[in-house]
Structures are given as structure tokens and as C-alpha cells.
Amino acid sequence: MGWRKAAWHKGAWRKLLVLVAVFSVAQLARAQSPKYGLGRTPTAEEVHAWDISIGPDGKELPPGHGTPAEGEKVFREKGCNVCHGGTGSGGPAPTLIKSDGKKKSVYPCLVPCVDDSNVMSLHAQYATTMWDYINRAMPLNKQGTLKPDEVYSIVAFLLYKNGVIAQDQVLDQQTLPKVKMPNRDKVAAAPEWKHGLPRLAGYP
Amino acid sequence: MYTQRVGYDKVEISANPPVKERSVESQSSGRRRFLKNSAALIGAAAVGVRSAGARTPAGGVENPDTGSAGMGNMDMPDLEALIAYGQRSPFVKSHRISVMERMSPDEFGMTFHVLSPLQDSVGMITPSSLHYISTHRGSYVPNIDPAEHRLLIHGMVDRPLIFTVDEIKRFPFVTRPHFLECLGNRAKPSHKTVQQTHGLTSCSEWTGVPLSLLLNEAGVQEGAAFMVAEGAETVKGATSIPIGKAMDDCLIAYGQNGEALRPQQGFPIRLLVPGFEGMHNVKYLRRLKIVDKDYMTYNDYGHIVPDARVAALTRIIGPKSIITFPSGDQKLRGPGFYEITGLAWSGSGAIQNVEISTDGGQNWKLAELRTPARPMAHVRFAYPWTWDGKECVILSRCTDELGTRQPTRAESAKFFNKPDDADFRPPGADNTVMPWRIAADGSVHNGLA
């Protein structure tokens, strides 16, 4: 152990600190540049074609527009009514329009539960969530076939039928993100995640 | 023995004739069996490889006796079971079941929730064939050609990148055990077995690339707060994950329990978000978009709640433990020695200890951990016990490395100022203590009933 003790005389600590600092800066620089050189850079067109995520501020929404009346037509033309029910409820697929309370969805009701149905128009915090989901996942087995105008129309129809927007409201890139959803301020975000924190201090 | 070896050597259809392993079942074989087997091998040689590759995504179990129907005790497994891909004993019947509340396949033929048979489990790893299944609001299992599959990383990054699966596999890999658990894994009084009460959790040894390596290649920009992960299945299931977690310990996995991921588990690549509720662990991963806020996708919005405390309990799993033996619908054959055994896990790290009570929760004793306790992985515990033949209630509870202990239902109710009655539903991901009641006749029952 003698050699180790001898090495750690006063000046050595300072030198070590300098070394650590230099090394850290080098590591930082390295972290910001590619290390492995694998993969390729996609073209802007590729990214645009792949990117179907619509965030709450709606900045990725494509041009287009739709009204509740147009949406009612699209709802039938595209066969939404076949699975979701002619009135938007009572079908084998999730309830889209709040029912009169007689027809209950077979799906478990999510909290906050409205009319025993997990109605997206009432539950979602943002109308962009509806646009995003209908565009990416509907109609079943024909995903990706709806045109932007059709998606805007269906969202408008469902929001109108659930009492969220007026009958003459036009939804487009600007108006859709501004729709004040009933649940907008009624839900709580999970706390910021940090490594090593318990999921909820004091529980139980 | 010798003639069989000759038979196999002569056929020479594959590079890996496991001659020695054949000896186990060769004792009862006669010449007739040998001849039949050789013929079957020759006949099947042409289709053997194709057969091995054509296993359906649905994971249908093929009957090992297919090749020898009507031969009585001359039964021989077919070529696939014999050489290409081993099968379990036909005497072992352990199998998954559908969640009763929503059957799979559903009205549209989609899979939703399928439960793993925990009552039959041993060790800490769930066989891939018995891994629970949960999909993003129901979906079909896609049949993806890995050569065609791509992963795109874009959004708030310096260098958008697109990777083939082969390129991802060239990155330095890690292999780690991690559990997955669905938020819907919640015991109800009506459930009979541990498969029904707790079957939406499983644990695999995963092999993959740390997500942080790939994100560093792309260069995450200042101001990034979340990552949207998206799958390639028909509904393109997506979810938002905090960027801090994404850069911490997430994996892009391509291996599961020593082989390629199963299609039901996301072949060819999936995201693993250790300790977070199952929904975040996106299968068939095709796109990662770095963004400045929670994108509230369809899967995210379904989990929003009015209470921030519940939101916290919803995102991260456990600590949680469950006794798998003795458990509901099993039976003790009279008083005497048994080992109480089960699984424990936590979304916040490794399990530190597991305690057992055999008197309804009055006294607790430490169980033994029989497998390594790894972060965000199942650990197998056991407690040697002599049953006196009297009715009793057995329970397990665990504590994780942060010192957080699994709550009882009463403790959860007290925390939320609610009465601990039959209507109480522990908020968030339910990790409360599960009681099993052992009757004097040795039958085991759901202690919540």
C-alpha cells in the first residue's frame, strides 16, 4: 500500500482534478457527435411521410377542414356506423357519442367515466388526440386511407354530437387545437420522472 | 441406440443432429419405430426448414405426436419437435387463458389481454410461449419481415436517423431480465386462480441496445421533454415517455430468452421501459419522435386521471408480490411440509426482501430469495412451511431497494381516505397484498372473496 500513499501527495489531487475536467469535456463533446456511424439520414420527404404524430398544439396538422354536417356523411360513407353503432353507441366497438344511458358500452369505463362510456370526445384533453388516432388507426383494416378533410369532418361531427362544439363550427389547422375539451383542466399529469425517486412518496 | 445413430447419420439432413439427446426416449423403441422414424425424417427433410420457419404468430402449439398418429406406444415426435425446435412434454398442459371481461380473439379477431399461468411457474423467467399478451386497445399480431423493417428517430434531434434491424444489432448490446406488467393486472373477488388475479405480468431475459446509445447518435436537443414511440402494427400504437426515462435505462430489444423476440412480443424489435406500466413498452417499434411535451396519444389519454397521486401510481409498477403456490384452486394433500413460493417485483428497482404471513397478516417472517434480485425483474421467493391442517390465510409482501413496502388494501384505502370495503378499488396500478385462504380440506381460495 506504500506506493499508493506516496502518489497522493498534495499536488496530485490538483492534477487529477484537471485530468478529470479535461476528460469530462472530451466526453461531453463525444456525446454530441455520432460514435458508431450506423444508420442513414432520412430525406425530409421520408420523415414527413412517416410522421403521423399530432401534438396538443397541432403544429403537425395538415391543411384541410371539416364541419359536423360533412362528418355525419363521412361517418356513414366510411362505415364507422357498422362497428360503432348508427348513433355512435351500442356497437361492438367503443362508444363515440354519449348514449341515452340505455345502451351501455361493453368496454370498461375509464376514469373520469362519463355516462358509463369511455367517450373520446369527452375524455380526451385535446382534440388533437382524436385527429391523431382516427387518422392512424381507423377505419379498421383500411388505416391510412382517410383524407385530411375527412378526418377533420369526423372529429367535428363527434365533438358536435357530444356537445363540445357548435353545429356550424369549422375545424382546421388553426381551430382544432383551440377546441376547449371538457376534460382539459380536470386531469392531473404524473409528476416529473427522476431516476431513484419512489413512484409516490409516502404511499402507503 | 446404435442403429438409431446410423439411421440419423445416414439421413444427414441438418447440420445439428442431437444424437445424444435422443437416448432419453430410445429405451422403448424397437426396430419398427426406427424404420418409421427414418422414413419420416427422409420424407420430412424437404419441408423441415420451411416448417420451422412457418410457426404462426399466434404461437399455436403443434402436437408432438402428429407424425405418428395411430402408432400406440410407438409415438414419435415429428421432425420439428425432434430436431429443429423442441417441444415440451405432452404431459405438461400449462397454458394461457383469455381475460374473461374481454375475450381474445374479440369480435374483430383481435387479441387484447391474455393471462400467463403463474400457478405453474418456476424460477424467475416466463417461457416466451407463456408470456402474457396485452395489445394497444386490441390489435392483430403483424407478420413483419425483419429485412423490411426500419426504425426512424426524428423530431428534436440534431441528426434524424433511420436504422435497419441489422444495423441496430451492430450496436453494443446488453442482456438483462425485466418484468412487464399491464396496468389492468388487478385481483378481483370473482377471480379463482392466480392466473386470473395476477396473470398480466411476466419476466424475460431481454437482449437489445440501450436506447440512450441510439438517441446519442441522433443528438437529443435542448428542450426535449418527451419521446413518442410508435409501433408498426395496423393501429400504429403510440405512447409518450419522459425523455429522462428514455435516456436512463430503456432498451430496444430484439432478443427474448435466448432467441429472437416472439411476434406476440414485438418481433423484430420492441421498446422496453423498465418498471413503467406495460403500455409504454411499444412492440414492433418503428418510430421515435423527440418532442417538447407529452403528446397525449390515444394510449396516453386513456390513462389520465384527475388526481396527481393516482397518476404517479399509474405510471410506475409495484412493489408487488404474489404467492403462486399454494394459490387459488390448488389443493394441499394433507398436513405436512410445503414450500410457499411466489414472485416479487418492483418498477423502482430490485426487491430487497419478501415477507410471508401464515396467520392472516398478524406475524411476518422473511422468505428466501431463490433467484438473483435484479432491478425491475421478477425474483422467486420461497418459505419452508409445515401446514398443521387448520384453516389459515397466507400472504406475501415485499420491500424494494428504495425501502418502499407493498401495501395492504387497508393501507391503500387509508392513504386515500376511503373505507376498506368490497367496493374499494386501489387507485393506479394495484400492487396491494393478495390473501389466499387455505381451508381445512387443503383447498385454496381467493382471500378477497
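Start at the N terminus of chain A, where residues 1-8 keep a pLDDT under 50. For that stretch the model has one contact beyond four places in sequence. Keep in mind that this is a predicted model, so confidence deserves a look before anything else. Over the whole of chain A, the pLDDT averages 83, and 75% of the residues score at least 70.

Now for the place where the two chains meet. Chain A brings 46 residues to the contact, while chain B brings 55 residues. On the chain A side, helix 3 (44-50) and helix 7 (127-137) each put in at least two residues. Helix 7 of chain A gives the largest share of that side, with five residues. If you sort the residues of chain A that touch chain B by chemistry, you get 28 nonpolar, 10 polar and eight charged.

Over in chain B, there's a sheet to look at. Its four strands are laid out as 14-15-19-18, an open sheet with antiparallel pairing. Strand 14 (320-325) and strand 18 (368-369) of chain B sit at the edges with a single partner strand each, so one side of each has no neighbour in the sheet. As a general point, strands of a sheet pair through backbone hydrogen bonds, in either a parallel or an antiparallel way.

Zoom in on the strand 18 edge. Strand 18 of chain B is joined by two bridges to strand 19 (residues 379-387) of chain B, and the two run antiparallel. To find one of these pairings on screen, pick Glu368(B): its bridge partner in strand 19 of chain B is Ala382(B).

How values were computed: Residues are numbered from 1 along each chain as its sequence is written. Chains are lettered from A and ligands numbered from 1 in the order in which they are written. This is a predicted model: local features need pLDDT of at least 70, side-chain atom pairs count only at pLDDT 80 or more; totals for chains, interfaces and linings use all residues. Two strands pair if DSSP finds at least two bridges between them. Two residues are in contact if their C-beta atoms, placed from the backbone, lie within 7 Å. Ala, Val, Leu, Ile, Met, Phe, Trp, Tyr, Cys and Pro count as nonpolar, Asp, Glu, Lys and Arg as charged, and the others, Gly among them, as polar. pLDDT is the predictor's confidence in each residue, from 0 to 100.
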